[in-house]
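Please take a look at the structure below. Keep it open while you read, and find each residue as it is named.

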Amino acid sequence: MARGTDGRRCRDPQHVMLAPGAWIGILGGGQLGRMLAMAAAELGFRIHIYAPEPDQPAFSVAERHTIAAYDDIAQLEVFARSVAVVTIEFENVPALALEQLARFTLVRPSATALATAQDRILEKTMARSVGVDTPAFAEVTAETLQSAVQRVGTPSVLKTRRFGYDGKGQAKIRQPADAVAAFDSLKQQPCILEAFISFEREVSVVASRGVDGSFTAFDVIENEHQNHILATSTVPARIPDHLADEAIEATRRIGDALAYTGVFAVEYFVTGAGKLLFNEVAPRVHNSGHWTIEGAESSQFHQHIRAVAGWPAGSTQRRAPRVVMTNLIGDDVLSVPDIVASKGKSLHLYGKAEARAGRKMGHVTQLFRDADQP
Ligand code: AMP
């Protein structure tokens with residue numbers, strides 16, 4: 001029999017349902033951790049954040065925080081022993097840290113799920129293994145660069161296998177002669193070469209999977225990027241119903257393949273021919289799901305806390321015919337006085353002091369009563 005930090009005995013620690021008042025640990029202290037901590041507080045949980053950097057956005061809304069490295073074994077153990085379950089808000093946490101934490105407490109999602117989602121080759125191979133199409137791709141090392149270019153063709157996109165985000169760690173290859181320079185620009189790290197997809201739109205599915213494998217998803221979201229950074233997310237995505245159903249079913253299969261617990265997001269390209277192609281999976285709550293705070297009955301943050309606490313999922317029902325979330329990036333925060341002065345715009349600021357270019361400072365959500373309202 002195991003005893004949780006909420007003091008209740010249970011037969012199967014994997015299926016323990018945390019009682020309100022239990023402690024939840026979050027690795028990472030950014031805005032996703034901040035919004036998770038706020039949702040957790042609403043559900044009566046207490047939050048302990050673990051992050052390597054000082055002054056993190058989540059610290060000001062969490063009861064406890066620890067500043068320590070992700071490979072500090074002693075601090076990880078102290079942290080694990082202080083909480084009933086640990087989760088993540090940041091996907092570049094070393095999977096080894098999760099393995100270490102799992103020796104002392106529940107960890108959701110698992111180190112194995114995280115390790116797959118961190119590696120662009122592993123995640124695309126997993127997607128294909130459950131019948132979800134991806135762009136053509138090939139593994140790239142110094143030895144295989146030329147054969148990969150021959151196989152995948154051009155134009156294509158070279159990406160580092162790990163640690164890429166917001167377009168960082170990527171280089172476009174327009175013709176085979178560009179390949180060496182592109183690989184050098186990524187410091188010859190292990191890479192993936194992907195066929196360049198001239199997509200019609202980008203969509204994502206934000207879903208939640210419970211400890212019992214139950215699956216719920218929000219409506220398919222349409223995403224627009226500027227300078228490789230998410231600018232707006234709109235629901236519902238302007239795609240036919242059968243494609244929306246296909247995206248949700250593909251996401252369910254991916255969650256099952258990862259034996260995932262918690263909220264995760266899957267990004268897809270929709271081609272002009274109406275084909276859905278897997279791009280990547282984010283093993284965490286996702287920027288494209290921020291609209292759910294006002295726009296759905298249970299937000300992605302509540303869904304994640306519910307799932308990692310072993311609770312049933314809430315309702316993903318949308319609250320308006322159309323919902324639009326706009327990110328406030330860098331100097332966009334200068335428009336905050338106008339946003340505050342206008343009606344119908346829900347403002348979220350992440351408490352970051354400095355508005356550097358490309359930095360996500362906050363977001364705004366609008367609910368529209370008419371699906372076609374501009
Ligand atoms: P990623 O980090 O893989 O999500 O890539 C960031 C953005 O780059 C995506 O949201 C797309 O806009 C673009 N992109 C990534 N991969 C491809 C691809 N294979 N073809 C065309 N555009 C891509």
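This report covers the ligand site, the salt bridges and some backbone details.

**The ligand site**

The model is predicted. Start with the ligand. It is surrounded by 16 residues. Lys159, Gln170, Ile197, Glu202 and Glu280 are the closest of them. By class, the shell holds 6 nonpolar, 4 polar and 6 charged residues.

Several side chains place a polar atom by an oxygen atom of the ligand. The table lists three such contacts.

| Residue | Side-chain N or O atom to ligand oxygen |
|---|---|
| Lys159 | 2.7 Å |
| Gln170 | 2.9 Å |
| Asn279 | 3.0 Å |

Taken alone, the ligand exposes 470 Å². The protein buries 92% of that area.

Where does the shell come from? Five strands each supply at least two residues: S9 (156-160), S11 (191-195), S12 (199-209), S16 (262-271) and S17 (276-282). Now think in domains. Domain 2 (136-195) and domain 3 (199-368) both give residues to the shell, so the ligand lies between them.

**Salt bridges**

How many salt bridges does a search of the whole structure find? The count is 18. Three of them are described here.

Glu77 pairs with Arg81, and their closest N and O atoms are 2.9 Å apart. Both residues belong to helix H2 (residues 73-81). They are separated by about one helical turn because they sit 4 residues apart in that helix. Glu77 is partly exposed, at 29% relative accessible area. Arg81 is exposed, at 52%.

Glu91 and Arg284 form another salt bridge, with an N to O distance of 2.6 Å. This pair links distant parts of the chain, 193 residues apart. Glu91 is in the loop between strand S6 (85-88) and helix H3 (95-101). Arg284 is in the loop between S17 and helix H9 (292-295). Are these two residues buried or exposed? Both are buried.

Asp256 meets Arg209 at 2.9 Å, N to O. This pair, too, joins distant parts of the chain: Asp256 is in helix H8 (residues 241-257), Arg209 is in strand S12, and 47 residues separate them. Asp256 has a relative accessible area of 34%, so it is partly exposed. Arg209 has 12%, so it counts as buried. The two also belong to a network of salt bridges that links Arg209, Glu249, Arg252, Arg253 and Asp256.

**Backbone details**

Most peptide bonds are trans, and most residues other than glycine have a negative phi. Some places in this model depart from that pattern.

Take the peptide bonds. A cis bond joins Arg108 and Pro109, with omega at about 0 degrees. Pro109 lies in the loop between strand S7 (106-107) and helix H4 (111-117). Another cis bond joins Thr154 and Pro155, again with omega at about 0 degrees. Pro155 lies in the loop between helix H6 (145-152) and S9.

Now take phi. Where does His228 lie? His228 is in the loop between strand S14 (221-226) and strand S15 (229-235). Its phi is positive, about 70 degrees, although His228 is not a glycine. His228 is exposed, with a relative accessible area of 54%.

Ala259 also has a positive phi, about 45 degrees, without being a glycine. Ala259 lies in the loop between H8 and S16. Its relative accessibility is 51%, so Ala259 counts as exposed.

Key: Residues numbered from 1 in each chain as written. Predicted model: local features only at pLDDT ≥ 70, side-chain atom pairs only at ≥ 80, totals over all residues. Heavy atoms only, no water. Near = heavy atom within 4 Å. Polar contact = N/O pair within 3.5 Å; in protein donor to acceptor, adjacent residues only side chain to side chain. Areas by Shrake-Rupley, 256 points an atom, 1.4 Å probe, with all protein chains shown as cover. Nonpolar A, V, L, I, M, F, W, Y, C, P; charged D, E, K, R; others polar. Domains from an automatic or database assignment. Salt bridge = Lys/Arg side-chain N within 4 Å of Asp/Glu carboxyl O. Buried < 20%, exposed > 50% of the residue type's maximum accessible area, 1.4 Å probe, protein only.
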